[in-house]
Amino acid sequence: MSKPSVLGRGIFAKAAFACFAALSACVGITHTTTVEKEPATMATTVMQRPKLIVGIVVDQMRYDYLFRYWSKYGNDGFKKLVTEGYNFKNNHYTYVPTYTGPGHASVYTGSVPALNGIVGNDWYNRATGKTIYCTEDNTVKTVGSTSTAGQMSPANLLTTTITDELRLATNMGAKVIGVALKDRGSILPAGHLANGAYWFDSPSGNWITSTYYENDLPAWVKEFNARKLADTYLSQPWNTLLPIAQYTESTRDDAPWEGLIAGEKSPVFPHDVPALRGKDYELIRSLPAGNTITKDFALAALKGENLGKGTHPDFLAVSFSSTDYVGHRYGPNSVEAEDVFLRLDKEISELIAAAEAQAGKGNVLFFLTADHGAAHVPAFLQEHNIPAGVSSSATIRDSVEAYLDKTYGKGEWVERYINQQVYLNRKLADSKKLDLAEVQQRVASYVMRFPAVASTVTATALQQNNWSQGMKGRIENGYNAQRSGDVIVVLQPGWFEGYGSGKPTGTTHGSYANYDTHVPLVWYGWRVKPGESSEETGITDIAPTIASWLYIQEPNGSVGKPLQQYMK
């Protein structure tokens, strides 16, 4: 008999507890907590809380990046977190697809896409026949720019976040601020009840928000925007932090699988940023300077919102996004990837120092994790005789369409192929009086003929079965009946999905494989004792761990467990 998935175990455990509580009430049993048996000194520790929680999510940070560049990191960034904090070495995402939106949602909800609804950065909306972006909201307006980049909110997130629960538990007394270049990296962590969520607007170079949060930018944000730091950073070339000969952890600087900045002839240092920047500020996202300006804004938020100075714990959620842009363009073994992490180490050290200066050393609880990992570039693996390849999404979609035309007659059978999922035209199947489960299974069997495909699972099978914590368990945790497709396609290890024509460059992510699911989880600061563990942990454990430390309710879709037992 298979073990239940994370989702299944979470629901079962909650149901069992509810039944026990109801039975106890009926027979007059009173539940006695262990607090009564603890030493008297226990009373002095109850309800002690950190003044500030700082959540750091690094976009596209594989676990091995913590140690790959270890000898070149300074002592006050990644090394401080690991050596003075607690490192969970076997921490994974427990679902697919492993994308930015779902990753940030999972970190802060303690949940999985099956419950929180964030099944991708985008997904197909059957009701409208259009693709929907995870944080899009056309009912709100941009604040801080004339662009439409501010028409965003957490409306598509179906569960609460740990930041929501902190606000609820303190009768809205705690402050919550989200900061990221990407809107989804700011909004989903900040949750539904945040005091503010801010992201970068490429057309204007400003940090913006939406009317979901406020109708005007706070004075400190306006003052920050007036400094025009993006212009300053884009006026400087990108050269390596260290002499390039010291980047021995990386491949040669000019590899054929590296992408180019528009206007460049080769992907080599130095990158002439002033000559390449274009008419707007988009390029800053793909430079270490994107992380620098994110850190600058986070420090301004600390001061501007007076975080860590109030009666209740405050929460600053910071996501560093430029690592993802760099990885997508150059790949995880590039000099550019190494350089962006060496520079990020310095940004994180500044953030740690500023937060501890603001709230007092020992009064700040930090955690560091990532929203997903990254695959090696298939061309890089092939050069080293490791099986790998690129699957064409267009080829799979068109082939399935042709197969269904031949099997059931002409029609628009595939409404969308996105996130490695086939969305079938269910109305067409109904009109032909077809059994949807049979059509799904035929497609699932047909797609298996592609060499890139390792496995397929139908929506019907996901609704009728329960799997253990293997590949299919991760698929189950990522499946939401209202938002996911009819057939989920799983690619072979070392393969990823390519879009468009031509030979792909750089890397991507999204799979069930460990290179996409294995990410750092390091705690540091308030009540964290130094140490490490190889115990298997999940991203869903972060939110309930914070809830336990804060003596508040975990998010309402949480399926994780607190981790304090390991950090003694």
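Two residues are said to be in contact when heavy atoms of theirs lie within 4.5 Å, and helices (DSSP runs of H or I, at least four residues) and strands (DSSP runs of E, at least two) are numbered from the N terminus. The structure is a predicted model, in which local features need pLDDT of at least 70 and side-chain atom pairs count only at pLDDT 80 or more, while totals for chains, interfaces and linings use all residues. Residues are numbered from 1 along each chain as its sequence is written, and side-chain values use heavy atoms, with hydrogens and water left out.

**View 1. Helix 13 and the elements that its buried residues pack against.** Helix 13 covers residues 322-330, and its buried residues (under 20% relative accessible area, with a 1.4 Å probe and protein chains only) are Ser322, Thr323, Asp324, Val326, Gly327 and Tyr330. These buried residues pack against two strands and three helices, namely strand 1 (52-58), strand 9 (314-320), helix 5 (100-109), helix 12 (288-304) and helix 14 (335-359). Just after helix 13 comes Gly331, which takes a positive phi of about 95°.

**View 2. The cis peptide bonds at Pro97 and Pro270.** Most peptide bonds are trans. The bond that joins Val96 and Pro97, however, is cis, with omega about 5°, and Pro97 has its place in the loop between strand 2 (86-92) and helix 5. The bond from Phe269 to Pro270 is also cis, with omega near -5°, and Pro270 is found in the loop between helix 10 (229-234) and helix 11 (273-276).

**View 3. Positive phi at Asn171 and Tyr551.** Most residues other than glycine have a negative phi. Asn171, which is not a glycine, has a positive phi of about 55°; it lies in the loop between helix 7 (162-169) and strand 6 (176-180), and its relative accessibility of 70% makes it exposed, the term for values over 50%. Tyr551 has a phi near 60° and is found in the segment after helix 22 (542-550), where its 35% relative accessibility counts as partly exposed, that is, between the two cut-offs of 20% and 50%.

**View 4. The setting of these close-ups in the whole protein, with its 22 helices and 18 strands.** Buried residues make up 59% of the 568 residues. Among contacts between residues at least 6 apart in sequence, 74% join residues at least 24 apart. Along its principal axes, the C-alpha trace spans about 75 × 75 × 50 Å.
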